[in-house]
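Biologist: Could you take me through one spot in this model in some detail? I'd like to know what sits around it and how the neighbouring pieces fit together.

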Amino acid sequence: MSLDLEIAKPEPKRGLRETDPELPPQAILPGDQSLFLSETVDGLDEGAHFLDPLKPDEWAVLRSHGRQLSFSTGETIFTQGDRHDGVFIIERGSVRVFYSAPSGREITLAYWTPGNFIGGPEMTGGGTHIWSGEAMDDCEILFLPGHILRKLIVELPNFALCLIQGLASKGKSYSAMAQMLGTRSVIERLAQFLTNLGKLHGVKDGHAVIINAKVTHDQIAAMVGSTRQWVTMMMKRFQKEGLLTVTPRHIRIERPHLLMAMVSKGGA
């Protein structure tokens with residue numbers, strides 16, 4: 001679903017322009033780095049480097065024991081409630097990991113990019129997946145079954161240390177999300193998420209920031225823990241207050257400092 005906002009007409013007193021500056025190709029979420037709900041964009045990609053310490057021969061052993069899998073855009077990689085058999089290392093493409101409530105409502109836990117592993121928190125098999133993963137684009141993934149992970153942990157101590165670092169990075173990411181959900185109002189989370197998108201995919205145009213990424217109300221709602229209808233209502237309010245302008249292709253943050261002030265002032 002594309003952005004479905006009422007497009008605000010330019011208002012000269014706010015310094016809006018008839019046309020946007022020259023922009024690079026529009027990014028598709030998550031872009032070139034991982035994305036999850038957080039108070040900062042720092043550390044979003046920490047987990048993508050957990051296997052960097054591996055030596056070439058250790059990588060060769062890893063690949064010889066794993067299975068190369070391919071997934072097309074929108075295809076399910078693993079499903080909440082299914083038996084857990086191992087973990088998946090993203091080598092190409094990006095994956096959305098999400099939780100589905102009994103009501104059918106979903107919350108996006110994160111978008112993961114190459115270098116990250118998905119399929120946790122279980123690592124060596126057993127139990128069931130407690131959330132789902134779907135390919136956001138065509139993906140190449142290295143699957144490591146649980147019994148293989150146990151074998152490699154014993155045989156490759158360096159790999160075992162990498163797994164510990166990978167789990168620590170995952171713990172930080174989900175802790176950041178839990179802190180946002182538990183301590184910030186939904187309007188604060190929306191303001192923070194838009195600010196983060198501006199930092200990740202923003203193009204400066206005077207004092208304004210153009211979010212040069214394709215993002216829908218459904219995606220925003222699933223990230224901030226709300227509904228598409230609420231997001232639409234709040235985005236219209238932000239437009240009316242002069243914080244944002246929305247075109248058919250872009251979200252333009254007119255007053256980034258005021259949007260960020262909403263976070264520090266409790267959404268007022």
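**A close look at Leu109**

Modeller: Sure, let's start with Leu109, which is buried: its relative accessible area is 7%, so it falls under the 20% cut-off for that word. Keep in mind that this is a predicted model.

Leu109 belongs to strand 6, which covers residues 106-112. If you skip the neighbours within four places in sequence, Leu109 is in contact with Phe36, Val97, Phe98, Tyr99, Trp131, Tyr174 and Met177.

Now for the strands around there. Strand 5 (residues 95-100) and strand 6 run antiparallel, joined by six bridges. One pairing to look for is Val95, standing opposite Trp112 of strand 6. Between the two strands of this hairpin there are five residues, and Gly104 takes a positive phi near 100°.

Strand 5 has another antiparallel partner in strand 8 (residues 132-135), with four bridges joining them. Val97 is worth finding here: its bridge partner in strand 8 is Gly133, and Val97 is also on the contact list of Leu109.

If you want to look further along the chain, the unreviewed UniProt entry annotates residues 184-257 as "domain: HTH crp-type". That span is 53% helix and 22% strand, and its end C-alpha atoms lie 18 Å apart. For a sense of distance, take Arg237: its C-alpha atom is separated from that of Leu109 by 26 Å, with the two residues 128 apart along the chain.

Notes
Residues numbered from 1 in each chain as written. Predicted model: local features only at pLDDT ≥ 70, side-chain atom pairs only at ≥ 80, totals over all residues. Heavy atoms only, no water. Buried < 20%, exposed > 50% of the residue type's maximum accessible area, 1.4 Å probe, protein only. Contact = heavy atoms within 4.5 Å. Pairing = 2+ DSSP bridges. UniProt positions renumbered as here; feature names shortened; annotations may be inferred.
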